[in-house]
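This report is meant for a reader meeting the structure for the first time. It starts with one local feature, moves through the neighbouring elements, and then turns to the protein as a whole.

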Amino acid sequence: MTPNPAIMRSVEQLGYRVTVGDVATQIGLNIAEVNQSLLALAADAGGHLQVAESGDVVYQFPRNFRDILRNKYLQIRLQEWWKKIWSVLFYLIRISFGIFLVASIVLILVTITIIMNANSDRDDDNRSSSRSNNFFFFPDLFWYFSPNYGDNYQERRREKGENSEMNFFEAVFSFLFGDGDPNANLEERRWEDIGAVISNNQGAVVAEQIAPYLDDIGEKYQQEYEDYMLPVLVRFNGFPQVSSDGQMVYYFPELQVKASKKQRRSISEYLHEFSWKFSAASSGQILLSAGLGGVNFIGALILGNLLRDGTIAAQIGGLVAFTQGIYGLLLVYGTGFLAIPLIRYFWIKRRNDQVSTRNFQRQERARLLADADTSLQKKIAFAREFATEKVISKEDSVYSTETDLLEQEFKNKQIGDN
């Protein structure tokens, strides 16, 4: 079984000595999954199990466990190689749209110029005038993509106090497709926050403390049975406990066992979803992308009008015939370049309205918790009766796979006699 990257990252962050509860609250994974993953990781990476007299288990890992795994698993090495290769490939994919836009504009304008010159059999003055008008646009166009323009543009950005490493070709991709889902890791964040809330309250909570991090609660939030807590109980092996006046609290014994004393983790009062951005490119880059997209589309329409009967391409041949052959692709690209961002704009607006609604609902639950009434305060006080924290230090270990079993038994027997 290939080690879980999230588990390995958590072990490193927690100092290479962890319990199941430490890791589960750190990354919010299912207790059973964490337990199985830690056992597998200890077996593969030369880790050791330390067992306390209470029966609690601590996992101790060597600091070079990644090197051990890398040498052992070809799949891990391949994944690391592919990650590097994919970063290069994806960058090439991102800039290809901007490169194709520039190439499309240049091809369209050059083709239009050739056709106009071929159709112009008038006097030398008219021909000269036509040539100068057709090529007037090119210096401006190429200036946008010259190194000097890039330097001047970044200088202007620095003067405005804006920090952006996105170049023009990356900005074109961002204008077309955006920059990914800002909440792609929302579920990971949700369970990390829930784990942190439980850990900060020493393994015992009430439902109202968890509700600001959950969704799709609706009317269930005010229900007596609090069934929206079931996924939390299943994930972290929790147990409900009912007070004498019918109030229900939840405690998580496995999350109360820690390998070391830790400070309270700072988290938000509620799970906050980030709004979708149309593009991370600057306003100037967006306007430039849209403007060149408009030039490309209008140029494609003009070119289509010149090539509509097909005779001019047959007469001139060469580049004009080639452009005639791929004209459909140029027109589709020009149309899509403007249509995709427009559709995406309205889709993002609708999506952000939904995000705002969910954020507001979670914020309201956090506000009710902050302004707890007498009943809720009594409920929280009852939960604190089950709150505890058990820290397993190295001195508490009565057995470790790191040391010979007979030697440990002899040592423990001496301690017992004393």
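In this predicted model, strands β2 and β3 form a hairpin with four residues between them. Within the turn, G55 has a positive phi of about 95 degrees. The two strands run antiparallel and are joined by four bridges. One of the partnerships across them links L49 to Y59 in β3.

Strand β3, residues 57-60, also pairs with strand β1, residues 17-18. That pairing is antiparallel too and consists of two bridges. Here V18 stands opposite Y59. Y59 is thus named on both sides: it faces V18, and it is the bridge partner of L49. Strands of a sheet pair through backbone hydrogen bonds, and the pairing may be parallel or antiparallel.

Strand β2 covers residues 48-52 and includes Q50. Q50 has a relative accessible area of 7%, so it counts as buried, the cut-off being under 20%. The side chain of Q50 makes a polar contact with the side chain of R17, at 3.0 Å.

**From β1 into helix α2**

The loop between β1 and α2 holds T19. Is T19 buried or exposed? T19 has 2% relative accessibility and therefore counts as buried. Its side chain reaches the backbone nitrogen of D22 at 3.1 Å. Apart from neighbours within four places in sequence, T19 is in contact with L38, V57, V58, V257, K258 and A259.

Helix α2 follows, spanning residues 20-27, and it is mostly covered: eight of its eight residues are buried. Among them are D22, V23, Q26 and I27. Just after the helix, G28 takes a positive phi of about 75 degrees.

Helix α1, residues 5-13, contains S10. The relative accessible area of S10 is 0%, and S10 is therefore buried. Which residues does S10 touch, not counting those up to four places away in sequence? They are V23, Q26 and I27, and these three residues are listed among the buried residues of α2. S10 and Q26 are 16 residues apart in sequence, while their C-alpha atoms are 6.8 Å apart in space.

The three buried residues described one by one above are set out here.

| Residue | Location | Relative accessible area |
|---|---|---|
| Q50 | strand β2 | 7% |
| T19 | loop between β1 and α2 | 2% |
| S10 | helix α1 | 0% |

**A second sheet**

Another group of strands forms an open sheet of three, in the order β4-β6-β5, with antiparallel pairing. β4 (204-205) and β5 (239-242) stand at the edges; each has a single partner strand, so one side of each is left without a neighbour in the sheet. β4 pairs with strand β6, residues 248-251, over two bridges. Within that pairing, A204 stands opposite Y251 in β6.

**Aromatic rings**

The count of aromatic pairs comes to 21. One of them is formed by W82 and W86, whose rings are stacked at 6.0 Å centre to centre with 25 degrees between the planes. Why are W82 and W86 about one helical turn apart? Both belong to helix α5, residues 74-119, and they are separated there by four residues, which means about one helical turn. An α-helix has 3.6 residues a turn, so residues three or four places apart point the same way.

W82 is partly exposed, at 47% relative accessibility. W86 is also partly exposed, with a relative accessible area of 39%. The two tryptophans belong to one aromatic cluster together with F90, F97, F173 and F177.

Two arginines lie over ring faces elsewhere. R235 lies over the face of W191, at 4.3 Å from the ring centre. R344 lies over the face of F278, at 4.4 Å from the ring centre.

**The protein as a whole**

The secondary structure comprises 18 helices and nine strands. The protein has 418 residues, of which 40% are buried. How much area does the protein expose? The figure is about 23,600 Å², and carbon and sulfur atoms supply 56% of it. Of the contacts with a separation of 6 or more, 73% join residues 24 or more positions apart.

Terms used: Residues are numbered from 1 along each chain as its sequence is written. This is a predicted model: local features need pLDDT of at least 70, side-chain atom pairs count only at pLDDT 80 or more; totals for chains, interfaces and linings use all residues. Side-chain values use heavy atoms; hydrogens and water are left out. Buried means under 20% relative accessible area, exposed over 50%, partly exposed in between (1.4 Å probe, protein chains only). A polar contact is a pair of N or O atoms within 3.5 Å; within protein, one must be able to donate a hydrogen and the other to accept it, and residues adjacent in sequence count only if both atoms are side-chain atoms. Contact means heavy atoms within 4.5 Å. Accessible areas come from the Shrake-Rupley method with a 1.4 Å probe; for residues, only the protein chains shown count as cover. Rings of Phe, Tyr and Trp (its six-membered ring) pair if their centres lie within 6.5 Å; planes under 30 degrees apart count as stacked, over 60 as edge-to-face and the rest as tilted. A charge sits over a ring if NZ of Lys or CZ of Arg is within 6 Å of the ring centre and within 35 degrees of the ring normal. Two strands pair if DSSP finds at least two bridges between them.
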